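Please work through the exercises below with the sequence and the structure open beside you. Each task sentence is followed by a solution that goes step by step.

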Amino acid sequence: MTDAAAAQRVADAFLAGAVGGQRRHAARFHTLAVAEVRALTDDAVEVTFAVPDRLRDQYDYLAGQHVALRAHLNGQELRRSYSLCRPPSDGSLSVAIKRDIGGLFSTWAQTELHPGDTLEVMSPQGTFTSRLDDLDGRHLAGIAAGSGITPLMALATAALSRSTTSRFTLVYTNRSRSDVMFLDDLADLKDRYPSRLALHHVLSREQRAAPLLSGRIDEPKLRRILDALVRPETVDEWFLCGPFELVQLCRDVLVDMGVDRGHIRHELFTTGEPGQAAPNAPRPVQIGRDEPVHTVRFTLEGQSASVDSPDSAHETILNAALRVRADVPFACAGGVCGTCRARLVAGDVRMTENYALEPEELERGYILTCQSHPTTPEVVVDYDV
């Protein structure tokens, strides 16, 4: 098992802005052309974007990172975050989009997006990844559900190709075989690395030959899977991606079985709970006469700005910042993707939800501005750190 000090050094490198020689990019949109749209299942597609030479530095990414896509549909701006599903390659990047019931953006992407179209794509973000220059002899494991496979496709492919002695175990759950995204790609990966990739498909609504691989993953089944298929004491680093309930279950069980929280990474696209949709524009506020205010000061791309937030508005730092800078980065605005992450330099805040920041990031003062409400007269945050 990788020691805690090594894990801490990796975390420090991420937060300093570089892992494996790559830096953390400023969250900025650029217009990219769609090069290919490939069907994965009846309700999921892989979209590949062409990255021109002049922007390649902006889209240099790590396996496991994600991008936000922005489109204007029916007169409104929509932003959605999607994990990059292929290992880094020059000149292109790919995401997988699964259609959500009633989802305006995902339905549009599924039915109306074609090669030659253009879309605004944010530079890659996220720390759901691993240090890929020190993989010899390491065993990585992932548990994914549905579209949660997308970052693990990139991670598994990159890890196995970068070292001849690394191993990857993947437990992937879906309702039925027809719902499995990247089914052929996973089979090809297994054929390429038969002794180093352990692949276990769990189907909740379809009977498999092995009872352990049939039915919904609840706590008893998860513990049986960990006992029989992927012993936690053999794994150096865990990656969990899927619905909130499954990710939380896996984290709790792994910790209960003795796994250090520092060796468990997780990624969520949604919490599964009803919440505020990503704003198309900042919510307007009014400051009453003699009303106490919180002054929010922030730095973004080397420029400083300041805005007063009235106490009665109960607004987030993100909403306040958007009222004076339209380019403040965000995507989900639900505390999930981490795009709005900034460092708290001065003052205090109350963070409503946090599904994106790791404990070490919180210790270093990072906050999600979409969930943070100022609690002191002045709050200073830095998006550039």
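## Exercise 1: A salt bridge between two strands

Task: find the partner with which Arg297 forms a salt bridge, and say which parts of the chain the pair joins.

Solution. In this predicted model, Arg297 forms a salt bridge with Glu378, and the closest N and O atoms of the two are 2.7 Å apart. The next step is to place both residues: Arg297 lies in strand E14 (residues 293–300) and Glu378 in strand E20 (residues 378–382), so the pair ties together parts that are 81 residues apart in sequence. The last step is to look at accessibility, where Arg297 has a relative accessible area of 36% and is therefore partly exposed, and Glu378, at 37% relative accessibility, also counts as partly exposed.

## Exercise 2: A salt bridge within a helix

Task: determine how Arg223 and Glu219 are placed relative to each other in helix H5 (residues 219–228), and how their side chains meet.

Solution. Begin with the sequence positions: because Arg223 and Glu219 are four residues apart in H5, they are separated by about one helical turn. Their side chains meet in a salt bridge, with a distance of 3.1 Å from N to O. As for accessibility, Arg223 is partly exposed at 25%, while Glu219 is partly exposed with a relative accessible area of 38%.

## Exercise 3: From one pair to a network

Task: describe the salt bridge between Asp185 and Arg38, and name the network to which these residues belong.

Solution. A search of the whole structure finds 19 salt bridges. One of them is formed by Asp185 and Arg38, whose closest N and O atoms are 3.3 Å apart. This pair links distant parts of the chain, since Asp185 sits in helix H4 (residues 183–192) and Arg38 in strand E3 (residues 29–41), with their positions 147 residues apart in sequence. To classify the two residues, recall that buried means under 20% relative accessible area: Asp185, at 17%, is therefore buried, whereas Arg38, at 27%, is partly exposed. Finally, salt bridges that share partners join Arg38, Glu46, Arg86 and Asp185 into one network.

## Exercise 4: Two helix pairs

Task: work out how H5 is oriented towards helix H6 (residues 244–256), and how helix H3 (residues 149–162) is oriented towards H4.

Solution. For H5 and H6, the axes come within 11 Å and cross at roughly 55°, and the two helices are therefore oblique to each other. The crossing in which H5 passes H6 is right-handed. On the H5 side the residues that meet H6 are Glu219, Leu222, Arg223 and Leu226, and they face Leu249, Cys250, Val253, Leu254 and Asp256.

For H3 and H4, the axes come within 11 Å and cross at roughly 15°, which means that H3 is roughly parallel to H4. Here the crossing is left-handed. Met153, Ala156, Thr157 and Leu160 in H3 meet Asp185, Leu186, Leu189 and Arg192 in H4.

## Exercise 5: Two residues of strand E7

Task: decide whether Ala96 and Ser94 are buried or exposed, and list what each of them touches beyond its neighbours in sequence.

Solution. Ala96 is in strand E7 (residues 92–98), and with a relative accessible area of 5% it is buried. Not counting residues up to four places away in sequence, Ala96 touches Leu40, Val45, Glu46, Tyr82, Ser83, Cys85, Thr150, Met181 and Phe182.

Ser94 lies in strand E7 and is buried, with a relative accessible area of 5%. Its side chain makes a polar contact with the side chain of Thr48 at 2.7 Å. Leaving aside neighbours within four places in sequence, Ser94 is in contact with Glu46, Val47, Thr48, Ser83, Leu84, Cys85 and Arg86.

## Exercise 6: The surroundings of Arg167

Task: place Arg167 in the chain and describe its surroundings.

Solution. Arg167 is found in strand E10 (residues 167–174), and at 38% relative accessibility it counts as partly exposed. Setting aside neighbours within four places in sequence, Arg167 is in contact with Arg138, His139, Leu140, Leu160, Arg196 and Thr234. With Arg138, the C-alpha atoms are 6.3 Å apart in space, although the residues are 29 apart in sequence. With His139, the side chain of Arg167 makes a polar contact to the side chain at 3.5 Å.

Note on methods. Residues numbered from 1 in each chain as written. Predicted model: local features only at pLDDT ≥ 70, side-chain atom pairs only at ≥ 80, totals over all residues. Heavy atoms only, no water. Buried < 20%, exposed > 50% of the residue type's maximum accessible area, 1.4 Å probe, protein only. Contact = heavy atoms within 4.5 Å. Polar contact = N/O pair within 3.5 Å; in protein donor to acceptor, adjacent residues only side chain to side chain. Salt bridge = Lys/Arg side-chain N within 4 Å of Asp/Glu carboxyl O. Axes fitted to C-alpha atoms, helices over the stretch in contact; angles between N-to-C directions. Parallel < 35°, antiparallel > 145°, perpendicular 65-115°, else oblique. Left-handed = near helix turned anticlockwise from the far one by under 90°.
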